[in-house]
Amino acid sequence: MEALLIEGDTIFAAFWMTVRLTAVSALGSLLLGTLLTAMRVAPLASLRAAASCYVSVARNTPLTLVLLFTGLGVGANLGVELSDDIATNNFWLAVIGLTAYTSAFVCEALRSGLNTVPVGQAEAARSLGLGFVKTLALITLPQAFRAVVAPLGSILIALTKNTTIALVVGVSEASVRMREMIETYGDQVIEIFLGFAAGFVLLCLPMGLLFGWLSRRMAVAR
């Protein structure tokens with residue numbers, strides 16, 4: 001317990017990095033996942049094939065490899081620099097990897113939500129002269145989002161826990177700080193582990209409760 005009190009400021013900074021990674025990656029995943037969903041149901045076969053290929057590859061590739069690719073492949077080998085500061089550059093490389101991976105799961109969740117929307121609604125929209133994009137944006141996607149609030153919450157919780165792998169890119173988030181503290185305070189391993197585990201519970205449990213409430217609140221009556 002003494003170690004947690006002594007390192008309180010650095011622990012808070014580490015968890016703040018976890019929160020930042022989660023928030024930015026979640027936003028990017030939602031945007032890219034929505035775009036992929038639109039491509040998966042687009043009338044053009046080439047768009048459907050491209051999105052399907054991307055989702056299949058991303059979902060079946062370990063996140064560690066994705067982050068290694070963004071860190072070593074994109075960052076080191078291709079020399080892509082998103083910031084002059086090394087720590088900030090590593091942060092954005094981690095965001096790219098987490099977004100690329102998580103967006104595939106967001107896409108599949110939204111696509112399952114689209115399947116719950118009655119076909120007649122899309123047909124009615126087309127009969128009114130609405131094109132594919134307007135039908136998707138105004139009619140089907142809003143209902144799909146409401147139908148998959150709970151799955152999206154589960155994906156967000158998984159993303160929060162997946163940020164622990166960002167150490168592959170050199171981002172010092174909560175799990176990295178825990179490892180460093182265990183090396184420094186070897187006689188307080190259990191206390192340190194329980195403290196960091198409690199920190200992740202405090203991050204994830206409210207999200208689960210919030211999305212569970214939203215799911216019941218926004219449920220679409222059929």
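**Reading helix H5 and its contacts**

Q: Where in helix H5 is the kink centred, and how many degrees is it?

A: In this predicted model, H5 carries a kink of about 25 degrees, and the centre of that kink is Thr102.

Q: What should the 29 residues of helix H5 span at 1.5 Å a residue, and how far apart are its end C-alpha atoms?

A: Helix H5 runs over residues 86-114, so at 1.5 Å a residue it should span 42 Å, and the 41 Å that separates its end C-alpha atoms agrees with this expectation.

Q: Which side chains meet Glu108 in a salt bridge?

A: The idea is to look for a side-chain nitrogen of Lys or Arg within 4 Å of a carboxyl oxygen of Asp or Glu, and by this rule the structure has 3 salt bridges. Arg40 meets Glu108 at 2.8 Å, N to O; because Arg40 belongs to helix H2 and Glu108 to helix H5, this pair ties together parts that are 68 residues apart in sequence. Arg59 meets Glu108 at 3.5 Å, N to O, and this pair links helix H3 (residues 45-59) with helix H5 across 49 residues. Arg111 meets Glu108 at 3.2 Å, N to O, and since these two residues are 3 residues apart in helix H5, about one helical turn separates them. Through shared partners, the salt bridges join Arg40, Arg59, Glu108 and Arg111 into one network.

Q: Which residues of this network are buried, and which are partly exposed?

A: Here the reading depends on a cut-off, since buried means under 20% relative accessible area and exposed means over 50%, with partly exposed in between. Arg40, at 17%, is therefore buried, and Glu108, at 18%, is buried as well, whereas Arg59 at 40% counts as partly exposed and Arg111 at 27% is also partly exposed.

Q: How many aromatic pairs are there, and why is the pair of Phe15 and Phe196 stacked?

A: Two rings pair if their centres lie within 6.5 Å, and planes under 30 degrees apart count as stacked; the count comes to 4 aromatic pairs. The ring centres of Phe15 and Phe196 are 5.6 Å apart and their planes lie at 25 degrees, so this pair is stacked. It links distant parts of the chain, with Phe15 in helix H2 (residues 8-40) and Phe196 in helix H10 (residues 189-217), 181 residues apart. Phe15 is buried at 12% relative accessibility, and Phe196 is buried at 1%. Ring pairs also bring Phe200 into a cluster with Phe15 and Phe196.

Q: Which residue lies over the face of Phe91?

A: Arg20 does, at 4.7 Å from the ring centre.

Notes: Residues numbered from 1 in each chain as written. Predicted model: local features only at pLDDT ≥ 70, side-chain atom pairs only at ≥ 80, totals over all residues. Heavy atoms only, no water. Helix = DSSP H or I, 4+ residues; strand = E, 2+ residues; numbered from the N terminus. Expected span 1.5 Å × (residues − 1). Bend = angle between axes of the 7 residues up to and from the residue. Phe/Tyr/Trp six-rings, centres within 6.5 Å; stacked < 30°, edge-to-face > 60°. Buried < 20%, exposed > 50% of the residue type's maximum accessible area, 1.4 Å probe, protein only. Lys NZ or Arg CZ within 6 Å of the ring centre and 35° of its normal.
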